[in-house]
Each structure stands twice: as C-alpha cells, then as structure tokens.
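The report below treats one predicted model, taking up a helix and its surroundings before turning to the sheet.

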Amino acid sequence: MENENNIISFLNSAGYVRREEGTYASSRRLYAAYRKWCEDNLERPRAENTFKKYLNENAETLGLTYDKNLPGRNGKTVRGFRGIHVEVRTE
C-alpha cells in the first residue's frame, strides 16, 4: 500500500513530521512539509485536497485528531491535526 500512496511514506519519514501526543500542526503546514518531502524525494505530490482527505479519513488509524480550532498566527484559529508536529522548515 505504501508504494501506491506516497502520503504514507511521508508520514513514516524522519525529519519532516513527528507524531507525538501533545503536539499539533495546521493542515497548511502539513501539506507544505509533504510538498517539501516530495521535492526532496523526487515524488509527485498529490493534490492538497487529496492529502487533507486522506488525513481526515485515516486520522484515527494514524493517531491524529482533526481540530477546527488550533492556535494560529496573530490570534487566529486554523484547521489541522493534533498528535503531529512539523519538523522541517516550510517557509
């Protein structure tokens, strides 16, 4: 299955994201990290909607929790996932 879905390979890679209790990441930052991983590994990235849909549909299996009210910049809230942290610089 992993060979057919590079999102799984990304989530299992070292240095890009870390799944850990008590952490969180916005959907936008996760997708930016995924695109960086694809670029570094000569993989073709899936569409942003496909990426987010995969995470939403598999959140429980992945140990993630979808949250519409994560703290963002400038006091705004963003959508994303609890239980995962972006390690790579995406900006």
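Helix 2, which spans residues 27-40 and so numbers 14 residues, reaches 20 Å from its first C-alpha to its last, close to the 20 Å expected at 1.5 Å a residue. Its buried residues are Ser27, Leu30, Tyr31, Ala33, Tyr34, Trp37 and Cys38, and because these fall within an arc of 160° when seen down the axis of helix 2, they line one face of the helix. In an α-helix there are 3.6 residues a turn, so residues three or four places apart point the same way. The face of helix 2 turned away from this buried side carries Arg28 and Glu39, which are exposed. On the buried side, the residues of helix 2 pack against two helices and two strands, namely helix 1, helix 3, strand 1 and strand 3. Just after helix 2, Leu42 takes a positive phi of about 55°.

The elements that the buried residues of helix 2 pack against have these ranges:

| Element | Residues |
|---|---|
| Helix 1 | 6-12 |
| Helix 3 | 48-62 |
| Strand 1 | 17-26 |
| Strand 3 | 77-86 |

Strands 1 and 3 also belong to the sheet, an open one in which three strands follow the order 1-3-2 with antiparallel pairing. Its edge strands are strand 1 and strand 2 (65-71), each of which pairs on one side only, and neighbouring strands are turned by 40° against each other on average, direction ignored. Strand 1 is joined to strand 3 by six bridges, the two running antiparallel, and within this pairing Val17 stands opposite Val86 of strand 3.

How values were computed:
Residues numbered from 1 in each chain as written. Predicted model: local features only at pLDDT ≥ 70, side-chain atom pairs only at ≥ 80, totals over all residues. Heavy atoms only, no water. Pairing = 2+ DSSP bridges. Helix = DSSP H or I, 4+ residues; strand = E, 2+ residues; numbered from the N terminus. Axes fitted to C-alpha atoms, helices over the stretch in contact; angles between N-to-C directions. Expected span 1.5 Å × (residues − 1). Buried < 20%, exposed > 50% of the residue type's maximum accessible area, 1.4 Å probe, protein only. Arc of directions from axis to C-beta. Contact = heavy atoms within 4.5 Å.
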